[in-house]
Amino acid sequence: LPDWVEKEPPLYPGDDFYISAFYNLSSCRHFGDGIPDPIPWDKAILYADRAGLDEGNTQTFVYVLREMDAGYMKWYGRKQEAKKPKALKGKKFHGRF
């Protein structure tokens, strides 16, 4: 098995809800010049409403989703940076490689 499988944190009850929501809501994000935008706030609120979350749980849901999205955005940025030719590393460029 790959190393990341052994290093993966354990899942706790309820984690599957957040993972599923993140996966589903990721389809709502826009890509400008091949760069993903964050998951839209209104889509997260609508998802929480449809899931039957109350106001307090909706706030927690949006906070957790935003943290997951921030992690995804950092990962995506590093992935794109690694694809750049050596001469362009560290420079802003919105094209595809």
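**Entry 1: H3 against H4**

I began with the contacts between helix H3 and helix H4. On the H3 side I found Trp 41, Ala 44, Ile 45, Tyr 47 and Ala 48. They meet Thr 58, Phe 61, Val 62, Leu 65 and Arg 66 in H4. I note that this is a predicted model.

Next I looked up the geometry of the pair. The axes of H3 and H4 come within 10 Å. They cross at roughly 135 degrees. That angle makes H3 oblique to H4, because only angles over 145 count as roughly antiparallel. H3 passes H4 in a right-handed crossing.

**Entry 2: the overall layout**

I stepped back to the whole chain. I counted four helices and two strands. Read from the N terminus, the order is α-α-β-β-α-α. The chain has 97 residues, and 19% of them count as buried. The exposed area is about 7,500 Å². Carbon and sulfur atoms supply 58% of that area.

I also checked how far contacts reach along the sequence. I took contacts between residues at least 6 apart in sequence. Of these, 51% join residues at least 24 apart.

**Entry 3: H2 against H3**

I turned to helix H2 and its packing on H3, which spans residues 41–50. The angle is about 135 degrees, and the axes are 11 Å apart. That makes H2 oblique to H3. The crossing of H2 past H3 is right-handed.

Which residues of H2 meet H3? I listed Phe 17, Ser 20, Ala 21, Asn 24 and Leu 25. Their partners in H3 are Lys 43, Ala 44 and Tyr 47. Ala 44 and Tyr 47 were already in my list of H3 residues that meet H4.

**Entry 4: H2 against H4**

H2 also packs on H4, at an angle of about 60 degrees. Here the axes are 10 Å apart. I noted a right-handed crossing for this pair.

From H2, the residues in contact are Phe 17, Tyr 18, Ile 19, Ala 21, Phe 22 and Leu 25. From H4 they are Thr 60, Phe 61, Val 64, Leu 65, Met 68, Asp 69 and Tyr 72. Phe 61 and Leu 65 also appear among the H4 residues that meet H3.

**Entry 5: Phe 22**

I picked out one residue of H2, Phe 22. Is Phe 22 buried or exposed? Its relative accessibility is 15%, so Phe 22 counts as buried; the cut-off is under 20%.

I then looked up its neighbours, leaving out residues up to four places away in sequence. Phe 22 touches Arg 29, Ile 39, Leu 65, Met 68, Asp 69 and Tyr 72. I checked the spacing to Asp 69 too. The two residues are 47 apart along the chain. Their C-alpha atoms are separated by 7.8 Å.

**Entry 6: the salt bridge**

Two of the residues that Phe 22 touches, Arg 29 and Asp 69, led me to the next check. How many salt bridges are there? I found one. The side chains of Arg 29 and Asp 69 form a salt bridge, at 2.6 Å from N to O.

Why does the pair tie together parts that are 40 residues apart in sequence? Arg 29 lies in the loop between H2 (15–26) and strand S1 (31–32), whereas Asp 69 lies in H4 (residues 55–83), so the bridge joins those parts. Both Arg 29 and Asp 69 are buried.

Conventions:
Residues numbered from 1 in each chain as written. Predicted model: local features only at pLDDT ≥ 70, side-chain atom pairs only at ≥ 80, totals over all residues. Heavy atoms only, no water. Buried < 20%, exposed > 50% of the residue type's maximum accessible area, 1.4 Å probe, protein only. Contact = heavy atoms within 4.5 Å. Areas by Shrake-Rupley, 256 points an atom, 1.4 Å probe, with all protein chains shown as cover. Salt bridge = Lys/Arg side-chain N within 4 Å of Asp/Glu carboxyl O. Axes fitted to C-alpha atoms, helices over the stretch in contact; angles between N-to-C directions. Parallel < 35°, antiparallel > 145°, perpendicular 65-115°, else oblique. Left-handed = near helix turned anticlockwise from the far one by under 90°.
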